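Open your viewer and keep the selection box handy. We will go from stop to stop, picking residues and looking at what is around them.

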Amino acid sequence: MKCKYGPHFVPALIALAAIALFAGCDNKKQAHEIKVGAIFDLSGATYEISVPYADGIRRYVDYINEKGGINGRKVKLIDMDYAYLVPRAKVAYEKLIQEKVHVILGWGTGDTEYLRPRIAEDRIPFMSASYSSKLAIMDEAPYNFLIGVTYSDQMQIVLKYILDQWKDPSRKPRVAFIYSDTEFGKSPIPDGRAYAASVGIEVVIEEIVSLDAREAKEQLLRIKQKKADFAILQETTWAASVILKDAKKMKLDTRFIGLNWCADEKLIALAGEASEGFIGAIPFEFTDPAIPGIVKFMEYNRRKGIDIEGYILRNIQGWATAEVMLEGVRRAGDDLSGPGIQRALEGMRNYSTGGITAPVTFTTTDHRGCTQLKLGEVKNGRWQTITGYRSAD
């Protein structure tokens, strides 16, 4: 019996079968991967801290893949640069949704707050580098998780510290707030005002200094005129260094304290002697190389031949954030749906990052993973911790 399809039909069928087989294998491989989306600022106003943070995330993903991945699955990181622009963050988010990522690691306050309703609607576990208290409102942000202490809690911890250190019984301390005109900068200010008023601290002035400022003399002159004893900075490293250098030139007596994004080793490199005595909120440990989490981090970098001098804190911050999120993925097991990973994270109690942060706990009613931090001070050109863990409560 002759084949009615001709002599080329069988080879064609074999070729089609091979294509289908390889396509099927590729689809199975993709289905087997754990896809982690990431939105970074690699070229915008906060790139100097976002780039090393992003590198920390990339390195933890590589570290976990070296160990066989998670539950036998490799982790695929899909990251995008949004240049600290909210419209670009929206585009990046949409692309990550199309990629069917299991979780997302975000960056800024303005973009994460903007995306908050979509994150809840899409049911994608999302851990940002923003610690805005708005992201901890459970009814509005059921899929947002915070590993860092909220900016509002940081502000309250700093104000409590100021009050604890104050020695003049004749009056309460006078405080200035310095922040950028961004959602990030403004985030803790209302809560800071309210707490200061409740304990009798006078907020004598508030000044705006942009993240890319080249000088802050006018703002500091007004702070000097108001005789502020302390100024609390909600800035990033560059702006903080400009403020400290101008304050030193002007011989201000004001004591400067920064929330976490301006308290790192890069500040010392930029501000030099002007950074001496600067106090910072430290939710992520980087001053003690002997703690287990930092030992693991440093051993990885040495093995890879990576020089992280001057950027240790931000690398560690990204590393620890990826670790906590992926621990939630590990605990979710085979249920890698958004709700499945959400439940796994909400079951996390006193998870240890090896001392990089306070123990991490999430519950069904509170997604603030850490509520405690240490305070550090620049002494003799190096950061030194000056307190144990402190909380806002």
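## First stop: the sheet

Select strand E1 (residues 34–40) together with E2: the two run parallel and are joined by seven bridges. Keep in mind as you look around that this is a predicted model. Now pick out phenylalanine 40, and opposite this residue you will find aspartate 81 in E2.

Next, bring in the rest of the sheet. Five strands make up an open sheet with parallel pairing, in the order E2-E1-E3-E4-E5. Which strands stand at the edges? They are strand E2 (75–81) and E5; each has a single partner strand, so one side of each has no neighbour in the sheet.

## Second stop: aromatic rings

Colour the aromatic residues for this part, since a search of the whole structure turns up 18 aromatic pairs. Begin with tyrosine 82 and tyrosine 84, a tilted pair at 6.3 Å centre to centre, with 50 degrees between the planes. Tyrosine 82 and tyrosine 84 are both buried.

Then select tyrosine 131 and tyrosine 151. Their ring centres are 5.7 Å apart and their planes stand at 55 degrees, so this pair is tilted. Where do the two tyrosines lie? Tyrosine 131 is in the loop between strand E4 (126–127) and strand E5 (144–145), while tyrosine 151 belongs to helix H5 (residues 151–165), so the pair ties together parts that are 20 residues apart in sequence. Buried or exposed? Tyrosine 131 and tyrosine 151 are both buried.

Widen the selection to Tyr53, Trp107, Tyr131, Tyr151, Phe184, Trp261 and Phe284, and you have a cluster linked by ring pairs.

## Third stop: charges over rings

Show side chains for two lysines and their aromatic partners. At tryptophan 238, the charged end of lysine 245 sits over the ring, 6.0 Å from its centre. At tyrosine 389, look for lysine 374 over the face, at 5.0 Å from the ring centre.

## Fourth stop: the cysteines

How many disulfides does the structure hold? The count is zero. Select cysteine 262, which is in no disulfide; the nearest cysteine sulfur belongs to cysteine 370 and is 19 Å away. Cysteine 370 is likewise in no disulfide, with the sulfur of cysteine 262 as its nearest, 19 Å away. Why does cysteine 262 count as buried? Its relative accessibility is 0%, and the cut-off for buried is under 20%. Cysteine 370 also counts as buried, because its relative accessibility is 3%.

## Last stop: empty spaces

Switch on a surface display if your viewer has one. Rolling a probe the size of a water molecule over the atoms shows where empty space is left.

Inside, there are three cavities of 30 Å³ or more. The largest cavity has a volume of about 80 Å³. To find the largest cavity, select residues of its lining, among them Thr46, Tyr84, Trp107, Tyr151, Phe184 and Trp261. You have met some of these names already: Trp107, Tyr151, Phe184 and Trp261 are members of the ring cluster.

Finish at the largest pocket, which holds about 450 Å³ of space. Its lining is made up of 17 residues, and those nearest the centre are Glu265, Phe286, Glu309, Ile312 and Arg382. Which elements each supply at least two residues of this lining? Select helix H10 (265–271), helix H11 (292–304) and strand E12 (382–385) to see them.

Conventions
Residues are numbered from 1 along each chain as its sequence is written. This is a predicted model: local features need pLDDT of at least 70, side-chain atom pairs count only at pLDDT 80 or more; totals for chains, interfaces and linings use all residues. Side-chain values use heavy atoms; hydrogens and water are left out. A disulfide is a pair of cysteine sulfur atoms within 2.5 Å. Buried means under 20% relative accessible area, exposed over 50%, partly exposed in between (1.4 Å probe, protein chains only). Rings of Phe, Tyr and Trp (its six-membered ring) pair if their centres lie within 6.5 Å; planes under 30 degrees apart count as stacked, over 60 as edge-to-face and the rest as tilted. Helices (H or I, at least four residues) and strands (E, at least two) are DSSP runs, numbered from the N terminus. A charge sits over a ring if NZ of Lys or CZ of Arg is within 6 Å of the ring centre and within 35 degrees of the ring normal. Two strands pair if DSSP finds at least two bridges between them. On a 1 Å grid over the protein atoms alone, a cavity is a set of points where a 1.4 Å probe fits but cannot get out, and a pocket is an open set with protein on both sides within 12 Å along at least five of seven lines; lining residues have an atom within 4 Å of a point. Grid points are joined across faces, edges and corners, and a volume is the space filled by probe spheres set on the points.
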